[in-house]
Amino acid sequence: MLEDTSFAIHPGQNQAMENGSYRDVGTVKSIQKRDGGLTFICDEADIHLQFYRSDIVRVVMNQRDIPDLESTPAVVAALESVNVDIEETDSRVLVTTNRLVVSVSKQPFRFSVLTPDGQVIVSEGDRGIGFKENGEVICYKKMEPEDRFYGFGEKSGFLDKRGETYTMWNTDVYAPHNPETDPLYQSIPYFMALRNGRAYGIYFDNPSKTTFDMKTEQEVYSFKGDSGKLDYYVFAGEGPKDVIEQYTHITGRMPLPPKWAIGYHQSRYSYESEEEVRALANTFKEKGIPLDVIYLDIHYMDEYRVFTFDKDRFPNPKKLVQDLREEGIRVVPIVDPGVKKDPEYLAYQEGVRNDHFCKYLEGDIYFGDVWPGTSAFPDFTDERTQKWWGKMHEFYTDLGIEGIWNDMNEPAVFNETKTMDTSVIHKNDGDPKTHRQLHNLYGLLMGKATYEGMERNLNGKRPFLLTRAGFAGVQRFASVWTGDNRSFWEHLQMSLPMCMNLGLSGVAFTGPDVGGFAHDTNGELLTRWTQVGAFTPYFRNHSAIGTLYQEPWQFGEKYEAIMKRYIELRYEWLPQLYSLFHEAHTKGLPIMRPLMLEYPRDAKTYAIHDQFMIGDNTLIAPIMQPEVTDRAVYFPEGEWIDYFSGKVYEGGTTHLVHAELDTLPLFIKRGTLIAQSPIRTKTEQKELELHVYAHTKGSYNSSVYDDDGETTNYYSGEAMKLNLSIQCKDHQIAISYRNDNEMEWPLPYKKCSFILHGLVDDQQVWVNGERQSGVWTEQGLKVEVTI
Ligand code: GLC
C-alpha cells in the first residue's frame, strides 16, 4: 500500500539478499549416452547434454530424476542427428561437432563451449549449476570485462544490458515505464552476448519466474528459475546475426503479415461508436492521409463481454466493417481473455459447460476482476480450449474482420498481485501444473489459440494479431506493441532500445504506441514520434481515455502536414519494408536493428540506443527532445547519403546533423540500394522503383520480395524474389537482377525502374550486361526495365 512513499525504504523492508545457499550438482559419477546426447550422473543431480544442431547445444538439469526432455511450447525445432566425436579422460569429456566443442570437467561438473579452434565461447568457474530444495534452479557463467548483453525481450532502459538484472514474469504495468520498471508484459528469457565482435546466445526455456543477473557480480552472471527445470540452449554464433538465426531456429520465425498490417494504424481507447469510427475514417479520407487500420477498443463490446457488440453504440458492425473495407480500411477489435461471469452469456456458458476455464485443484473455477467485472479465464494450456477459443472468433471473421488485438493477457487481474492466483491449476494437455509454474505462457498460448483459429476461419487469408503479453516464440503468432507508455519525450527515447532488443529476441514486428498512450501528447512530440513510427515495423498511433485526442490533425496544420508526409513515406518504403519482413520470416532477422548487429566489430556501435538501422543499409537518427534541431549522429564505416538533401557523410566518425521539425535524419549507405514505390497512398502498389546510391567502389547484394500480400499462397512459393547485385568501379556501375520466383506468379508490378542517385560524371550504367542511357530526372538517372 505504502510502496510509493518512503515506507518503501523502511529498514524492515530490505532484508539482506540471500546468497550461497544453492547446492552444486557436484562431481560426475558416470556418463550415459541417450536421446541424442550424454547424461552426466552427478553427486546431487543429473544433467543431460543434447546436440540440437551442430551449432546449438542444450543443457537440461533436473535435481530429482533423470532430466525429462519435454520442452515448453516455445520450442519448435526438432532435434537433429549431429555427428559428434567424444573423447573422455579421467578429468574431462570433450564432445566435438563441426561447429563447436563442449568441454565438461568432471570434478565438479563444469561446462564450457569453445570454437573448434579453441576460443572460449561460454565457460563456468567456481560455480556452475545449482538448485535449492524449494525447487529453484540456477546457472552461473563467467563474464569478461568486454562482454555486452542484448535481447531479454521487452525491457526498458538502454540497449546494452550489462549491469542490469531482469525478471521474467508477465506483468500489466500501467505505472510509468521507467528504466527500472521490470518486469513488463513480455517474458523472453533469452539474451545474446557480444565479446569483441563475436557473439553467442542463451535461451532459458523455463516459463516460471526467471531472473537474469548481470549486475550483482563483476566476473560472473547468472540466470535462475523459481521452479521447473534448468533447461537452456547455447547458440554458438559466431556473428550476432548467426545467433538470431540459431535462436529463431529453436523458437520459430514470424509468418508474413498481410500487407495492410504494415501500413498506418489509428487507435484510441476508445472510438466509442459506429458514428465516431465512420467520422474518423472520413477525416482521414478528406485529408488524404493514408490509413489501413482502425482499432476498436473495449467500448465496442456489450459491457466488455468478448464476442459481442454493444447494440446501441454499434448497431450494425457488419455494415461498418464492409463500408470501411471498401475505403481500404480494416477494423481490428480488442479481445481480452477475461470472460464475464454471466449465466446468460454464451461464451461463459460454453466455457463452464465444456470445462474451458482455469480452476483450482479442488475444482472451483478461478474468478478475477477485469474490465467486465468478475471473470473466468480460458485455460489456453489445453489444446481443446485453444480450438474452442479459435472457433469463437468466427464471431469476428463472419463480420469480415481479419485482425485481432489481444490485451490483458499476462493475464492481468485487478488485484494486489496483478495476475491470476499462482495456485490455480492448468491442464497443460494432460500434464497439470500450477499457474506459478506456467504463468509466462498464458499470453503466448492465447496468441496461438487466436492466430490459429483466425487462420482456420479465414480460409487461406493471412490473419493479423497484435498482442501485449507473450513468451519466447511469440513472433510465430503476433506482432508486439510495448504496452502503456506515456506521452513523454523520454518514452519516445526508450522505445528505440526496447524495440531493438525485442528485435534481437526474435520479435521483428514491434513498435510502441506512437504519440504515447497515457498523459497528453503535443504537436511537436507527436510529429517527431510519427517520423520514427514511419520506420518502426509496427506503426500505430494509440492514446488513452481522458487524454487529448492525438490523430495527426489534432494539433494544427503545421504538424498535420509533416505527419501526413511521413505516413506517406511509410507507404513509399513498403517494398523495402516488406522485403525485410520476408527476411524476418525466413531468417528471423529484425527489421529495426541496432547498429551493433550490422557492425559487430565496431565497438562504437555497442551502446548506441538513440539511432537504429532499417535492414543493412539505412540509418535513422531521430530527434527526440523538444525544440532541438541538431544532433550528433554516429556513422559506421562507409559513406552515408542524407536521404532528403543528398549530402554525403564520411563514416567511422560522428557528425553534427541539422534537422528542422519537418526532417527525420535518414541516411542510406553509399553503394547500396532500396526498393520503393512512388505511390503514396495504399498498400496496393503497382510501381517498383529501385533507388541505387551510386559509388565508385565496392559491391552490394540484396533482394526485393513480393507476393499477393494477403493469402498464404506464399507458403507454396507464389512469390517474386528479385535478387539484385551492384558492382561499382570508377567509371562503371553494373547492376544485375534476376527474378528467382520458383512458380509462375503474376508479377505485382507493372513497371520497374532503377533510379541512380549520385552518379559521377562519366560513370557508365550497365544493367544485366547492357549499357543504359536512361532518362535524367530530378532524382537521378532513370532506367526502366521489365522483370
Ligand atoms: C490496456 C491496454 C491499452 C488499452 C486499454 C483498454 O491498458 O494496454 O492499450 O487501450 O487497456 O483496453
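Guide: One term before we start: two strands pair if DSSP finds at least two bridges between them. Also, this is a predicted model.

Visitor: Fine. Which strands does strand 30 join, then, and over how many bridges?

Guide: Strand 30 and strand 32 (residues 479-481) are joined by two bridges and run parallel. Strand 27 (residues 403-406) also runs parallel to strand 30, and four bridges join them.

Visitor: Which residues stand opposite each other there?

Guide: Towards strand 32, Leu466 is opposite Ser479. Towards strand 27, Leu465 of strand 30 is opposite Ile404.

Visitor: Is strand 30 covered on its faces, and by which residues can I tell?

Guide: Both faces are covered. Phe464 and Leu466 lie on one side, Leu465 and Thr467 on the other, and all of them are buried. As background, side chains in a regular strand alternate between the two faces of the sheet.

Visitor: What sheet do these strands belong to?

Guide: An open sheet of nine strands with parallel pairing. The order is 33-32-30-27-23-22-21-35-34.

Visitor: Which strands stand at the edges?

Guide: Strand 33 (510-511) and strand 34 (513-514). Each has a single partner strand, so one side of each has no neighbour in the sheet.

Visitor: How does strand 34 pair with strand 35?

Guide: In the parallel sense, over two bridges. Strand 35 covers residues 540-541. Asp513 stands opposite Arg540 of strand 35.

Visitor: Switching to helices. How do the axes of helix 2 and helix 3 cross?

Guide: At roughly 5°, and the axes come within 11 Å. Helix 2 spans residues 274-287 and helix 3 residues 317-326. Angles under 35 degrees count as roughly parallel, and helix 2 and helix 3 are therefore roughly parallel to each other.

Visitor: Which residues meet in that contact?

Guide: From helix 2, Glu274, Val277, Arg278 and Ala281. From helix 3, Pro317, Lys319, Leu320, Asp323 and Leu324.

Visitor: How many of the contact residues are nonpolar, polar or charged?

Guide: Five are nonpolar, four are charged and none is polar.

Visitor: Next topic. How many aromatic pairs does the structure hold?

Guide: The structure holds 60. One of them is Phe235 with Tyr247, an edge-to-face pair. The centres are 6.1 Å apart, with 80° between the planes.

Visitor: Where do Phe235 and Tyr247 lie?

Guide: Phe235 is in strand 20 (residues 230-235) and Tyr247 is in helix 1 (residues 240-251), so the pair ties together parts 12 residues apart in sequence.

Visitor: Is Phe235 buried or exposed? And Tyr247, buried or exposed?

Guide: Phe235 has 0% relative accessibility, so it counts as buried. Tyr247 also has a relative accessible area of 0%, so Tyr247 is buried.

Visitor: What about the rings of Tyr649 and Phe667?

Guide: Their centres are 5.5 Å apart and their planes stand at 90°, so that pair is edge-to-face. Tyr649 is in strand 41 (residues 648-650) and Phe667 in strand 43 (residues 666-669), 18 residues apart. Tyr649 and Phe667 are both buried.

Visitor: Last one, Asp35. Where does Asp35 lie?

Guide: In the loop between strand 2 (28-34) and strand 3 (37-42). Asp35 has a relative accessible area of 42%, so it is partly exposed.

Visitor: Which residues does Asp35 touch?

Guide: Leaving out residues up to four places away in sequence, Asp35 touches His48, Gln50, Leu69 and Leu79. Leu79 is 44 residues from Asp35 along the chain, with 9.2 Å between the C-alpha atoms.

Note on methods
Residues numbered from 1 in each chain as written. Predicted model: local features only at pLDDT ≥ 70, side-chain atom pairs only at ≥ 80, totals over all residues. Heavy atoms only, no water. Axes fitted to C-alpha atoms, helices over the stretch in contact; angles between N-to-C directions. Parallel < 35°, antiparallel > 145°, perpendicular 65-115°, else oblique. Contact = heavy atoms within 4.5 Å. Nonpolar A, V, L, I, M, F, W, Y, C, P; charged D, E, K, R; others polar. Buried < 20%, exposed > 50% of the residue type's maximum accessible area, 1.4 Å probe, protein only. Phe/Tyr/Trp six-rings, centres within 6.5 Å; stacked < 30°, edge-to-face > 60°.
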